[in-house]
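Here are some short exercises to work through with the model open beside you. Try each task on your own before reading the solution.

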Amino acid sequence: MSDCIEKGRIDTMRITKRTQSKKIRAEKSSGNVFADLGLPHPEQELLKARLTLQIYRLIKARGLKQAEAGKILGIKQPHVSALMRNRSGSFSVERLMEFLTALGQDVEITVTPTRKQHGELSVVA
């Protein structure tokens with residue numbers, strides 16, 4: 001057992017000494033981590049992340065095992081595992097919406113005029 005761990009607690013003095021010398025630069029988020037990181041198609045990636053979160057919540061709330069969820073969604077267990085870890089990269093927005101309907105959810109797409117120059121994508125659950 002390390003000398004910096006005592007009865008399940010980390011010795012905060014050691015951590016404080018190490019971090020005091022480092023300056024941490026923080027920037028205000030735009031609200032979209034994918035845009036903040038400069039990734040391509042950040043709005044689509046955020047939408048996929050939000051849809052994936054809803055799928056995760058439904059699977060957890062039902063107490064489904066990944067293999068059981070895979071049968072409902074029509075995918076193999078390793079793909080369910082990826083979804084449960086928010087790795088939706090290979091699935092399209094359309095496919096994620098199909099997963100939600102397979103899990104007994106209605107998916108509604110609403111188009112409304114925007115007051116901004118460019119519209120936004122969002123998930124309301």
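**Exercise 1: A charged pair between exposed residues**

Glu-27 has a relative accessibility of 62%, so it counts as exposed. Keep in mind that the model is a predicted one.

Task: Find which side chain meets Glu-27 in a salt bridge, and decide whether Arg-25 is buried or exposed.

Solution:
- Step 1. The side chain of Glu-27 forms a salt bridge with that of Arg-25, at 2.4 Å from N to O.
- Step 2. The cut-off for a salt bridge is 4 Å, and the pair at 2.4 Å meets it.
- Step 3. Arg-25 has a relative accessible area of 70%, so this residue is exposed.

**Exercise 2: The other salt bridge**

Task: The count comes to two salt bridges. Work out how the side chains of Arg-95 and Glu-98 meet and how far these residues are separated along helix 6.

Solution:
- Step 1. Arg-95 and Glu-98 meet through their side chains in a salt bridge of 3.2 Å, N to O.
- Step 2. Both sit in helix 6, three residues apart, so about one helical turn separates them.
- Step 3. Here a general rule helps: an α-helix has 3.6 residues a turn, so residues three or four places apart point the same way.
- Step 4. Now check exposure. Arg-95 is partly exposed, with a relative accessible area of 27%, and Glu-98 also counts as partly exposed, at 36%.

**Exercise 3: The order of the elements**

Task: State how many helices and strands the protein has, and what pattern they follow along the sequence.

Solution:
- Step 1. The protein contains six helices and two strands.
- Step 2. Reading along the sequence gives β-β-α-α-α-α-α-α.
- Step 3. Of the contacts between residues at least 6 apart in sequence, 54% join residues at least 24 apart.

**Exercise 4: The nonpolar core**

Task: Name the residues with the most contacts inside the largest nonpolar core, then say which helix gives the most to this core.

Solution:
- Step 1. The largest nonpolar core is made of 17 residues, and Ile-59, Leu-73 and Phe-99 have the most contacts inside it.
- Step 2. At least two core residues come from each of helix 3, helix 4 (66-73), helix 5 (77-84) and helix 6 (93-102).
- Step 3. Helix 3 gives the most, with five residues.
- Step 4. Turn to helix 5. Its buried residues are Val-80, Ser-81, Ala-82, Leu-83 and Met-84, and they pack against helix 3, helix 4 and helix 6.
- Step 5. For the wider picture, buried residues make up 23% of the 125 residues in the protein.

**Exercise 5: Phe-99 and its ring partner**

Task: Classify the one aromatic pair in the structure, and list what Phe-99 touches.

Solution:
- Step 1. A pair of aromatic rings is described by the distance of the centres and the angle of the planes.
- Step 2. There is one aromatic pair to consider. Phe-91 and Phe-99 have ring centres 5.1 Å apart and planes at 75°, so the pair is edge-to-face. The cut-off for that class is an angle over 60 degrees.
- Step 3. Phe-91 is buried at a relative accessible area of 10%, and Phe-99 is buried at 0%.
- Step 4. Leaving out residues up to four places away in sequence, Phe-99 touches Ile-55, Leu-73, Ile-75, Leu-83 and Phe-91.

**Exercise 6: Two loops and a surface patch**

Task: Locate His-41 and Asn-86, say what is notable about phi in His-41 and Asn-86, and find which residues make the nonpolar surface patch.

Solution:
- Step 1. As background, most residues other than glycine have a negative phi.
- Step 2. His-41 is in the loop between helix 2 and helix 3. Its phi is positive, near 55°, although the residue is not glycine. At 56% relative accessibility, His-41 counts as exposed.
- Step 3. Asn-86 is in the loop between helix 5 and helix 6, and has a positive phi of about 60° without being a glycine. Its relative accessibility of 40% makes Asn-86 partly exposed.
- Step 4. Return to the loop between helix 2 (33-36) and helix 3 (42-62), where Leu-37 lies. Leu-37 is exposed, with a relative accessible area of 61%.
- Step 5. Val-33, Leu-37 and Leu-39 make a nonpolar surface patch of about 280 Å².

Key. Residues are numbered from 1 along each chain as its sequence is written. This is a predicted model: local features need pLDDT of at least 70, side-chain atom pairs count only at pLDDT 80 or more; totals for chains, interfaces and linings use all residues. Side-chain values use heavy atoms; hydrogens and water are left out. Rings of Phe, Tyr and Trp (its six-membered ring) pair if their centres lie within 6.5 Å; planes under 30 degrees apart count as stacked, over 60 as edge-to-face and the rest as tilted. Buried means under 20% relative accessible area, exposed over 50%, partly exposed in between (1.4 Å probe, protein chains only). Patches are made of residues with over 30% relative accessible area and no salt bridge: like charges are joined within 9 Å, nonpolar side chains (Val, Leu, Ile, Met, Phe, Trp, Tyr) within 5 Å. Accessible areas come from the Shrake-Rupley method with a 1.4 Å probe; for residues, only the protein chains shown count as cover. Helices (H or I, at least four residues) and strands (E, at least two) are DSSP runs, numbered from the N terminus. A nonpolar core is a set of buried Ala, Val, Leu, Ile, Met, Phe, Trp, Tyr and Cys residues joined through side-chain atoms within 4.5 Å. Contact means heavy atoms within 4.5 Å.
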